[in-house]
Every structure is written in C-alpha cells, then in structure tokens.
Amino acid sequence: MDMPTARILTKKALTYVLCYGAHPGRKDNAQSFIRAWRAACNYRGKARLLTPKGTFLIGATIFQGPCQGPEPIKVQIAGTLKAVPDPSMYEEDYWILFEKINGLLVTGTGTVDGQGNAVWRYNDGGARFPSSMKFNQVVNGIIRQITSVNPMGFHISIVLSQTIKAKNLRIFAPADSPSTDGIHINQSSQVNGSNSVIGTGDDCIGIIRGCTDVRVRNVTCGPGDGIR
C-alpha cells in the first residue's frame, strides 16, 4: 500500500489517521485528521476512520459530508483525543464538528478530552466556549461508548439534526465547571439518549427550543442540573 492511500480490508476502506501524518504527542494533528476523513468520506464503498490507541492533540476539526459511500460512515476512536487548550484557536462554537452527514456512527472505547480545566477561569458567562463534539445537520446518527471529559463548553451539542441516538456514554466534568452541559439539544427531532452516566457542571441533558420527540431513559445524572 502506498501512503497515504486508504487501507483496504475485504471490501471496506479502513482509513488510519496515522496514514495521513497524525502522531501521538504535542503536535496539532487537526489537518491529518481532516485529510483522513476526506479519504474515508470520498470512498464509494463502506468506510471506517480509525484513531488507534495513543494520545492525539488536535485543534478545531471539521468532518463534513455528504459522503460518497453507503450509510453509515464509521468513526472509531480507540485512543484519546485532546483539544488544544487555547480558546483563541476556536473561531466557532465547536472543537470537533460532524456536519451535513446522512448516516454516521461514532463509536469506540476512547476518550475525548476538551482540556477545559485550562480555560474555565476565562468563562465570565458572556462568551460561548466550544463544544467538544457538535453534530450539525446530521441525519441517522449514533454516538456510543465514547467517554467525554472536561469540555471547554458543552460535551455534546446536537443542532438541526434528526434521528440521533446517544447511548452508553460516560460524560464527566467537575461540579463547578461552567456551562458544561452533557448533551445539549437544539432544533432537532427524534433524539434518544440512553444507558449513560453524566456528571457535569451544568445541565445533564438540555433540551432547548424547537425540539420534538426527544426521549431519555436509563441515564444517571449528577453532579449537574438534571434534565430540562
């Protein structure tokens, strides 16, 4: 296989972020992750993007569709992703953005670490700090098994999306961390949250304007402000 061509296993494309220049350590790997995503998204067969074990530092990263292959495209996180802990690096309200994708599975036993403890002291209530993971205009999406810790803003933000399942998640931040909603849902429909543990500094699950058919079951909350 010539680098950085996507690796082919049977009839699926398995795209490793390592093949596109990503390395564990202190280097910002955002561009390598974006290149790996584009390769997987543009593949016309079933595709999976894999982050292996290890700790990867990444800044603002956009995984944007639409994608060319059959649904769903899979993003598997086995390692730890750490945000660049500098709020001036984020021009928008997200750290990792999934956008305009029909059919998405984000899974794995890995951890998404927003390193918010480095920036919370700058949050005076007047600015929106970036969500660790934002799903914007996503249809038929699943996020499962991921651990999210210490976001700068919200852990998971779901906006203008439909038919989303968030399950088997572990979401944690200190009780005094500001504006760190566990799952923040806005203008979305058919969102199901289940079988998760959420302990954070703000709403466990926040259901904001324009939402319909939101269902929550078997979610343990605390600390935090509950479900509202």
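Two strands are said to pair if DSSP, the method that assigns the strands, finds at least two bridges between them. With that in mind, we can walk through this structure, which is a predicted model, beginning with the strands that gather around strand 17.

Strand 17 covers residues 189-199, and strand 14, made of residues 162-167, is joined to it by five bridges, with the two strands running parallel. To see one of these positions in the model, look for Ile164, whose bridge partner in strand 17 is Val191. Strand 15, which holds residues 170-172, is also parallel to strand 17, and here three bridges make the connection. In this pairing Ile171 is the residue to find, since opposite to it in strand 17 stands Ile198. A further partner of strand 17 is strand 19, residues 212-221, and these two pair in the parallel sense over eight bridges. Val197 can serve as a guide to this pairing, for it stands opposite Thr220 in strand 19.

From the strand pairings we can turn to the interior. The largest nonpolar core is built from 55 residues, and those with the most contacts inside it are Phe98, Leu104, Val106, Phe135, Ile143 and Ile183. Strand 9, which spans residues 94-107, supplies the largest share of this core, namely six residues. Val106 shows what such a position looks like: leaving aside residues up to four places away in sequence, Val106 touches Val75, Ile77, Phe98, Met133, Phe135, Ile142, Ile143, Arg144 and Ile146.

Just as instructive is Tyr90, which is found in the loop between strand 8, residues 80-83, and strand 9. Is this loop residue buried or exposed? Tyr90 has a relative accessibility of 7%, and because buried means under 20%, Tyr90 counts as buried. Its neighbours, again not counting residues up to four places away in sequence, are Ile58, Gly59, Ala60, Ala83, Val84, Trp95, Pro130 and Met152. For a sense of scale, Tyr90 and Ile185 are separated by 95 residues in sequence and by 21 Å in space, taken from C-alpha to C-alpha.

Finally, we come to the outside of the model, where Ile207, Val216 and Ile227 form a nonpolar patch on the surface, together having about 200 Å² of accessible area. Of these residues, Ile207 has its place in strand 18, residues 205-207. The relative accessibility of Ile207 is 32%, which lies between the limits of 20% and 50%, and therefore Ile207 counts as partly exposed.

Methods
Residues are numbered from 1 along each chain as its sequence is written. This is a predicted model: local features need pLDDT of at least 70, side-chain atom pairs count only at pLDDT 80 or more; totals for chains, interfaces and linings use all residues. Side-chain values use heavy atoms; hydrogens and water are left out. A nonpolar core is a set of buried Ala, Val, Leu, Ile, Met, Phe, Trp, Tyr and Cys residues joined through side-chain atoms within 4.5 Å. Buried means under 20% relative accessible area, exposed over 50%, partly exposed in between (1.4 Å probe, protein chains only). Helices (H or I, at least four residues) and strands (E, at least two) are DSSP runs, numbered from the N terminus. Contact means heavy atoms within 4.5 Å. Patches are made of residues with over 30% relative accessible area and no salt bridge: like charges are joined within 9 Å, nonpolar side chains (Val, Leu, Ile, Met, Phe, Trp, Tyr) within 5 Å. Accessible areas come from the Shrake-Rupley method with a 1.4 Å probe; for residues, only the protein chains shown count as cover. A salt bridge is a side-chain nitrogen of Lys or Arg within 4 Å of a carboxyl oxygen of Asp or Glu.
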